Amino acid sequence: MELGISIYGISRKIMTGEMSPEKGVEWLAETGAEVIEIVPFGIDIVENKNLAAELNKIAKENGSVIANYSLNANFLMLNHEDYNLEFERVKKHIDAAAKLEVKTMRIDSSSYRRKPEDNTIENFMSDLSVIAEVYDKLCGYAKQYNITVLLENHGFHINGSDRVGIVLNQIEQEKIENFSCQLDIGNFLCVDENPEVAVKRLINKAGAIHMKDFYIRDEDCDPGDATQFDCSGAWFRSQHGLYLRGSILCQGDMRIGKIAALIKQSGFDGNIYLEYEGMEDCFYGTKVGFENMKKLLGK
């Protein structure tokens, strides 16, 4: 088991130009991340041809490894031309991720910003053949680089242990070896599922884990300001109306200690990344959360 940090947690500093991607990787390594996840928010390794090699060098010089690359993508509810364009875009990111020498890459197949009424189980079952086709093609392309494609329970459509499990089983039946699950313990709340139950159901299928925490409320704590998609440090809404806000790990309302125990009991031996999404200073929130994660997971 290797414990690391997603650069997403400090991406607000990179996106504003306050910190370069290079300094961001250096900071994560110096903070103690054994492994680092890169997310392309303010970090363009597709157009900046030399950036991947430079980030790799910095990570290794500071005792860490860039091991995962996470990419938002959407292949659903698109016409034929847009579907093909999205494939070409994602393939460029897979090529770039290979230069980072990562072993895993999380790739979405559904947009985060879907209307609640579009996220029904009926629509999911109707989309299943397209979802399976997408991951078949992506895994086929990524195989040349020995990259395993990860499906994360992300957003509001392909989320929840039932739906993620169905997709995983579908791909397993097709005997695609370089496909696995990135288990985000907090994202289950986006679809109103108990994270502990969901982790129990999917932990044995996980190839990587995101650790995060949320405050959970049943009424608006910032009146009139919470929408389903407002995750920029404010409260946002779950699929069925709960109010959620990112917190420092172990300071929110999730039972992180119980979930950490489940992970340890399962014998999970992959990479675990802290993904901080709180309103506090991102360096402080990431550092405190990472220290808590290490204490809980025994390192």
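This section describes the strands, helices, cysteines and one histidine of a predicted model.

The main sheet is a closed barrel of eight strands, arranged in the order E1-E2-E3-E4-E5-E6-E7-E11 with parallel pairing. From one strand to the next, the twist averages 30 degrees. Strands of a sheet pair through backbone hydrogen bonds, and this pairing may be parallel or antiparallel. Within the barrel, strand E6 (residues 179-184) runs parallel to strand E7 (residues 206-211), and four bridges join them. One residue pair in this register is Cys181 with Ala206 of E7 as its bridge partner.

Strand E11 (271-274) pairs with both E1 and E7. Its pairing with E1 is parallel and extends over four bridges, with Glu2 opposite Asn271 of E11. The pairing of E7 with E11 is likewise parallel, over four bridges, and here Ile209 stands opposite Ile272 of E11. Both faces of E11 are covered. Asn271 and Tyr273 are buried on one side, and Ile272 and Leu274 are buried on the other.

A separate open sheet contains three strands in the order E8-E10-E9, and its pairing is antiparallel. Strand E8 (213-217) and strand E9 (236-237) are the edge strands; each has a single partner strand, so one side of each lacks a neighbour in the sheet. E9 is joined to strand E10 (residues 243-247) by two bridges and runs antiparallel to E10. In this pairing, Arg237 has Tyr243 of E10 as its bridge partner.

Two helices were examined in relation to the barrel strands. Helix H2 (residues 21-31) lies across strand E1 (2-6) and strand E2 (35-38), and runs at about 150 degrees to E2. Helix H9 (residues 282-296) comprises 15 residues. The distance from the first C-alpha of H9 to the last is 21 Å, close to the 21 Å expected at 1.5 Å a residue. The buried residues of H9 are Cys282, Gly285, Thr286, Gly289, Phe290, Asn292 and Met293. Viewed down the axis of H9, these buried residues fall within an arc of 165 degrees and therefore line one face of the helix. An α-helix has 3.6 residues a turn, so residues three or four places apart point the same way. The packing partners of the buried residues of H9 are E1, helix H1 (11-15), H2, E7 and E11.

The cysteines were examined for disulfides, and a search of the whole structure finds zero. A disulfide requires two cysteine sulfur atoms within 2.5 Å. For Cys139, the closest cysteine sulfur belongs to Cys181 and lies 13 Å away, which is too far for a bond. Cys139 is buried, with a relative accessible area of 2%. Cys190 is also buried, at a relative accessible area of 3%.

His93 is located in helix H4 (residues 80-99). The cut-off for a buried residue is under 20% relative accessible area, and His93 counts as buried because its relative accessibility is 12%. With neighbours within four places in sequence set aside, the contacts of His93 are Pro40, Val46, Tyr69, Leu71 and Met105.

Methods
Residues numbered from 1 in each chain as written. Predicted model: local features only at pLDDT ≥ 70, side-chain atom pairs only at ≥ 80, totals over all residues. Heavy atoms only, no water. Pairing = 2+ DSSP bridges. Axes fitted to C-alpha atoms, helices over the stretch in contact; angles between N-to-C directions. Contact = heavy atoms within 4.5 Å. Buried < 20%, exposed > 50% of the residue type's maximum accessible area, 1.4 Å probe, protein only. Expected span 1.5 Å × (residues − 1). Arc of directions from axis to C-beta.
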